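Here's a walk through the model below, from the overall numbers down to single side chains. Have it open while you read.

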Amino acid sequence: MALIRTPVRRVVDYTVLSVLAFIFALPALYLFLGSLKPSDEVLNGLSGFLPVHLSFDNYAAVLDSLNSESTGYFWQFMGVSVLLSFVVVTGGLIANSMAAYGLTRLKWRGQNAVFTLVLLLMLIPFESVAVPLFYMFNGQRNTIYIQALPFVANAFAIYQFHTFFKKIPPSIEEAARLDGAGPWRTFFAIIVPMSRPVFASVAIITFLIQWGSFLWPVLMVSDPSVRPLPLEMSVFQGQQPPDWGQILAFGVLLVLPVLVVFAFFQRWFVEGVASSAVKG
């Protein structure tokens, strides 16, 4: 029997959710306001939330300080991160979705063993294999492709695709097969358009992981020309004396692309969450 919510219960629910949302938004608000304040007013506790002495001087200072060959160029660091994220997200969507489709729909010897291996790989943190990978690819340090290559294939993404593909009725593919469509055409013309929610979910999660990647660039990058934005932020933050207003402005510039990507995929992402809730 469906639960019928009274108006009072609905008001209480929305009030509690609004308060929780506001609490979780406070760090982001502090980050944004701090980026607009002079450095000596940033670390002032709760008074940091007061919107006083606001300006965009910190943003201009960050861009000016990273605008030479000796320091590197901010937009170059941004471009490296955008390129890496694009390669990892795009390549991952193609490779992981195709791998998941092969594990879900195609019948072949050893299928269950391979899927079990994928599940086991989900339990292995990247930190445990970072050092072996470092020695394996030491000759390719300071390159763009080596920063992206280890992250294109992703066991968790394969599992997400596999779970979604299993919910698609096999009768749809059987009808396509009767019309003369082979596995490739069935996958790209039928399965992919039907799977936009899971593609959006995987794209957002993969982008978040790749955009904030830090350990692997620390190990593999020493050349500023191929340095991604998170690694450059650590270098920028280490300058003495630290200017916290500029550091927070750098943080806002680092977060903005994440908001853009989420805004682009959010409709399909919400559809996927709602669909999972209904089917669950």
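A residue counts as buried here when its relative accessible area is under 20%. By that cut-off, 37% of the 280 residues of the protein are buried. Keep in mind that this is a predicted model.

**Overall picture**

The protein has 13 helices and two strands. Its C-alpha atoms fill a box of roughly 70 × 65 × 35 Å along the principal axes. Take the contacts between residues at least 6 apart in sequence: 70% of them join residues at least 24 apart. The protein exposes about 16600 Å², and carbon and sulfur atoms supply 70% of that area.

**How far to trust it**

The average pLDDT is 87, and 94% of the residues score at least 70. Among the elements, helix α3 (residues 74-104) has the highest mean pLDDT, 94, while α13 has the lowest, 76. Over residues 276-280 the pLDDT drops below 50, and that stretch has two contacts in the model beyond near neighbours in sequence. Where pLDDT is low, the predicted coordinates should not be read in detail.

**The cores**

Which element gives the most to the largest nonpolar core? That core has 43 residues, and those with the most contacts inside it include Val 62, Phe 74 and Phe 250. Eight helices are worth clicking through here, since α2, α3, α4, α7, α9, α10, α12 and α13 each supply at least two core residues. The biggest giver is α13, with nine residues. Phe 74 shows the packing nicely: leaving aside neighbours within four places in sequence, its contacts are Val 62, Leu 63, Leu 66, Leu 229, Phe 250 and Leu 253. Another core, of 14 residues, lies apart from the largest one; among its members are Val 80, Phe 137, Ala 148 and Phe 151.

Two polar residues are buried as well. Gln 246 sits in helix α13 (residues 244-279) and counts as buried because its relative accessible area is 16%. Beyond its sequence neighbours within four places, Gln 246 is in contact with Asn 58, Ala 61, Val 62 and Phe 236. Thr 104, in helix α3, is buried too, at 10%. With the same neighbours left aside, Thr 104 is in contact with Gln 111, His 162, Phe 165 and Lys 166.

**Salt bridges**

The structure holds three salt bridges:

| Pair | N to O distance |
|---|---|
| Arg 9 and Asp 13 | 3.3 Å |
| Arg 105 and Glu 173 | 2.3 Å |
| Arg 227 and Glu 232 | 2.7 Å |

Arg 9 and Asp 13 are four residues apart in helix α1, so about one helical turn separates them. Arg 9 is partly exposed, with a relative accessible area of 44%, whereas Asp 13 counts as buried at 17%. Arg 105 lies in the loop between α3 and α4 and Glu 173 in helix α8 (residues 170-178), so this pair ties together parts that are 68 residues apart in sequence. Arg 105 and Glu 173 are both buried, and Arg 227 and Glu 232 are buried as well.

**A nonpolar patch outside**

Where does helix α1 come back into the story? A nonpolar surface patch of about 900 Å² is made by Val 8, Val 12, Val 16, Leu 17, Val 19, Leu 20, Phe 22, Ile 23 and Phe 24. Val 19, one of these, is in helix α1 (residues 7-35) and is partly exposed, with a relative accessible area of 44%.

Definitions and conventions: Residues are numbered from 1 along each chain as its sequence is written. This is a predicted model: local features need pLDDT of at least 70, side-chain atom pairs count only at pLDDT 80 or more; totals for chains, interfaces and linings use all residues. Side-chain values use heavy atoms; hydrogens and water are left out. Patches are made of residues with over 30% relative accessible area and no salt bridge: like charges are joined within 9 Å, nonpolar side chains (Val, Leu, Ile, Met, Phe, Trp, Tyr) within 5 Å. Accessible areas come from the Shrake-Rupley method with a 1.4 Å probe; for residues, only the protein chains shown count as cover. A salt bridge is a side-chain nitrogen of Lys or Arg within 4 Å of a carboxyl oxygen of Asp or Glu. Buried means under 20% relative accessible area, exposed over 50%, partly exposed in between (1.4 Å probe, protein chains only). Contact means heavy atoms within 4.5 Å. pLDDT is the predictor's confidence in each residue, from 0 to 100. A nonpolar core is a set of buried Ala, Val, Leu, Ile, Met, Phe, Trp, Tyr and Cys residues joined through side-chain atoms within 4.5 Å.
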